[in-house]
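Here are some notes for a colleague who is opening this structure for the first time. They are set out as numbered points, to be read beside the sequence and the model.

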Amino acid sequence: MIQPLRKIHRRIFFVLALLLPALLLGGIALRYSWPTPNQSGNSSARPLLSGATP
Amino acid sequence: MSHQYQAIAWNRQKRIYDIVLVTGVTLYLTLFIGVSAFLFPYATAKTLIIRAAGSAAFLLLHIVLCIGPLCRLDPKFLPLLYNRRHLGVVTFLLGAIHSVVAIRQFHSFGDKDPLVSLLTSNQDFGSLPDFPFQQLGFLALVILFFMAATSHDFWLRNLTPPVWKTLHMLVYVAYALLVVHVTLGLLQSETSPLLAAGTGVGLFTVITLHVAAARREAKVDWKTLGPAAEGFVNACALTEIPEKCATVVSLNGERVAIFKYDGKISAISNVCRHQNGPLGEGKIIDGCVTCPWHGYQYLPEDGASPPPFTEKVCTFQTRIVDGRVWIDPRPKAPGTRVEPSLIGTSEGMA
């Protein structure tokens, strides 16, 4: 009765263990270079994302 | 354990659990908002609430997800499991506060309905940095809502434990959505390495604990039992079973708990009827096998809960031969009485 659930659980975690670290690292690596205070005049700076809190 | 409907069957442990939970969450929110207001004086009250509630929900979800494997690895953590569903409900409530305030902040000033705006304003699914992360958070919240709404034993009983457990496995989907929500949302605009490292450590902890617990569980399932004779399987030595406790073996892919108590041996299914808890990790208390998760009890001879309770689990025929326990792997119907094998009266086996 519980073994099929265990198998599903194992498979879910196998997928998550591969997928989530890759997404986390990819998301950080590919993020925009946000302007630092001494670059405030940079006209190529992207506007804040929709929903990003200032 | 309850045999009739109650909103919450309060007891001392649940009260202490909830007091600690509410105090901890209140302290976290107060500290977070206080320190953030000091460090970022230009941040609005709404922004502080969004951040405080969102981070609290995300942290709490990590704790919820770590409790299960921690209990598999060390029974010391079992008290945390007892009322875990209240942690889940609080996680949903914090997530709901985060979402409602965020939707009001970012989607309620246009001519579109705020929910329509949330779901349609950003559809840049092809770009990782511009990905519509808010939709992911919203989807995770919908999953957490269904889990919180069905967390009561009423739903557990009506949906049946396997269906209920399957439904609640969606928490892993919600977690994955939230990790991506944070990565493509907060971590895009906030470049502090501390935030990225914190998210990474949380993810690493959850995955490592689950993998470690799964490896430990797999050892039981993959353990090779002795040869079979007369339809019985050589399961374990008597000396392997501690008094008033059990050894768990896997028969035909399902687990059986073999209990030793008062000079007798009985075997019942390892799966509690309540939430599929591991009965073999419980003890015999007052003559009953007691589930370590929520205290559901069963008589070892017939696998039935003592009256007025009605839960029943399968039982198994046992024999003792030369200091070893043999089991008939064919389960008896739940609640079927099986005479316990008496220790010291070894039977012959062809």
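1. A definition comes first, since several points below rest on it: helices (H or I, at least four residues) and strands (E, at least two) are DSSP runs, numbered from the N terminus. With those terms, B:Asp262 is placed in the loop between strand E4 (254-261) and strand E5 (264-269) of chain B. Please keep in mind throughout that this is a predicted model.

2. The phi angle of B:Asp262 deserves a look, as its value is near 50 degrees and thus positive in a residue other than glycine. Most residues other than glycine have a negative phi. B:Asp262 counts as exposed because its relative accessibility is 52%, and the cut-off for that class is over 50%.

3. Where else does a residue other than glycine have a positive phi near 50 degrees? B:Asp322 has such a value, and its place is the loop between strand E10 (318-321) and strand E11 (324-327) of chain B. With a relative accessible area of 68%, B:Asp322 is exposed.

4. A further backbone feature is the peptide bond from B:Pro307 to B:Pro308, which is cis, with omega near 10 degrees. Most peptide bonds are trans. B:Pro308 belongs to the loop between E8 and E9 of chain B, and a charged residue of that part of the chain returns in point 8.

5. Turning to the chain as a whole, chain B has 11 helices and 12 strands, and its C-alpha atoms fill a box of roughly 80 × 40 × 35 Å along the principal axes. Of the 350 residues in chain B, 50% are buried. Among the contacts in chain B with a separation of 6 or more, 58% are between residues 24 or more positions apart. The accessible surface of chain B is about 17,000 Å², and carbon and sulfur atoms hold 67% of it.

6. The charged side chains of chain B number 29 positive and 24 negative, and the centres of the two sets lie 3 Å apart. Side chains of opposite charge can pair when their charged atoms come close. Over all chains, the whole structure has 10 salt bridges, and the next two points take up some of them.

7. Which side chain meets that of B:Arg72 in a salt bridge? The partner is B:Glu217, at 2.9 Å from N to O. This pair links distant parts of the chain, since B:Arg72 lies in helix H2 (residues 45-73) and B:Glu217 in helix H11 (residues 193-222) of chain B, 145 residues apart. Are these two partners buried or exposed? B:Arg72 counts as buried because its relative accessibility is 12%, and B:Glu217 counts as buried at 6%.

8. B:Arg157 and B:Glu311 also form a salt bridge, with 3.7 Å from N to O. Because B:Arg157 lies in helix H7 (residues 153-159) and B:Glu311 in the loop between strand E8 (297-298) and strand E9 (315-316) of chain B, the pair ties together parts that are 154 residues apart in sequence. B:Glu311 is buried, with 10% relative accessibility. Salt bridges that share partners also join B:Arg72, B:Glu217, B:Arg255 and B:Glu281 into one network.

9. In a further salt bridge, the closest N and O atoms of B:Asp74 and B:Lys76 are 3.7 Å apart. B:Asp74 counts as partly exposed at 25% relative accessibility, whereas B:Lys76 counts as exposed at 66%.

10. B:Pro132 is in the loop between helix H5 (114-120) and helix H6 (133-149) of chain B. The residue counts as buried because its relative accessibility is 1%. Beyond the neighbours within four places in sequence, B:Pro132 is in contact with B:Asn122, B:Asp124 and B:Phe125. The C-alpha atoms of B:Pro132 and B:Ile63 are separated by 27 Å, and the two residues are 69 apart along the chain.

11. Chain A has 1 helix and 0 strands, and 31% of its 54 residues count as buried. Its accessible surface is about 3,600 Å², with 66% belonging to carbon and sulfur atoms. The contact between the chains takes 32 residues from chain A and 45 residues from chain B. About 3,600 Å² is buried between chain A and chain B, with 68% given by carbon and sulfur atoms, and the count of salt bridges between the two chains is 0.

Conventions. Residues numbered from 1 in each chain as written. Chains lettered and ligands numbered in written order. Predicted model: local features only at pLDDT ≥ 70, side-chain atom pairs only at ≥ 80, totals over all residues. Heavy atoms only, no water. Buried < 20%, exposed > 50% of the residue type's maximum accessible area, 1.4 Å probe, protein only. Contact = heavy atoms within 4.5 Å. Areas by Shrake-Rupley, 256 points an atom, 1.4 Å probe, with all protein chains shown as cover. Lys, Arg positive; Asp, Glu negative; His and termini not counted. Charge placed at Lys NZ, Arg CZ, Asp CG, Glu CD. Buried area = accessible area lost by both parts, 1.4 Å probe. Salt bridge = Lys/Arg side-chain N within 4 Å of Asp/Glu carboxyl O.
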